[in-house]
Amino acid sequence: MAATSFRLRIVTPEREVLDQDVEEVVAPGASGEFGVLPDHITFLTILAPGRLIYRVGNQRQVLAIFGGYAEVVDNVMTVLADGAEPAAQINLDLAKRAEAEVEAKIATLDVDSPDFALMRRTRDREVARVAAASEKA
């Protein structure tokens, strides 16, 4: 008999974010968004910063994910994320402001500047936060 749900575990270096049975996940892979349903084939991928959406019944939940890895094995999806933040806890206006500030800072930096890569990573994090918060709005 086919499974109707699978386990989703999301862990960051700071804490376990989620350990719950879900019916569907859409996540930001390095090559684009991908979906996971029950009985998914074994799978390992790099996660890009973006929004991760999971569904339990009729309820959709959204998280900002700041990169990491995802593995699917035997109806368990494990996400080892560099960071994660529930969309419900993100202030969209503040996130947009932070994104604009980082963009302005990047515009003043030379590509060879030691701060350039750090600022791009910070921008990717803010873009993920805006995307997740926009999804909940």
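Residues count as buried when their relative accessible area is under 20% and as exposed when it is over 50%. With that cut-off in hand, the two sides of helix 1 can be told apart in this predicted model.

Helix 1 covers residues 92-108, 17 residues in all, and spans 25 Å from its first C-alpha to its last, close to the expected 24 Å. Its buried residues are Leu92, Ala95, Glu99, Val102 and Ile106. Looking down the axis of helix 1, these buried residues fall within an arc of 90°, so they line one face of the helix. Turned away from that buried side is a face with the exposed residues Asp93, Glu101, Ala107 and Thr108. As for the start of helix 1, a side-chain oxygen of Asn91 comes to within 3.0 Å of the backbone nitrogen of Asp93.

Over to the strands. The largest nonpolar core has 21 residues, and those touching the most other members are Leu8, Ile10, Val25, Leu52, Tyr54, Met77 and Val79. Two or more residues each come from strand 1 (6-11), strand 2 (16-22), strand 3 (24-29), strand 4 (32-36), strand 5 (43-56), strand 6 (59-73) and strand 7 (76-81). Strand 6 chips in the most, with 4 residues.

Ile10 gives a closer look at the packing. Leaving aside residues up to four places away in sequence, Ile10 touches Arg15, Glu16, Val17, Leu18, Leu52, Leu63, Ile65, Val79 and Ala84. Apart from the largest core there is another one, made up of 12 residues, including Phe66, Ile90, Ala132 and Ala133.

Technical notes: Residues numbered from 1 in each chain as written. Predicted model: local features only at pLDDT ≥ 70, side-chain atom pairs only at ≥ 80, totals over all residues. Heavy atoms only, no water. Core = buried A, V, L, I, M, F, W, Y, C linked by side-chain atoms within 4.5 Å. Buried < 20%, exposed > 50% of the residue type's maximum accessible area, 1.4 Å probe, protein only. Contact = heavy atoms within 4.5 Å. Expected span 1.5 Å × (residues − 1). Arc of directions from axis to C-beta. Polar contact = N/O pair within 3.5 Å; in protein donor to acceptor, adjacent residues only side chain to side chain.
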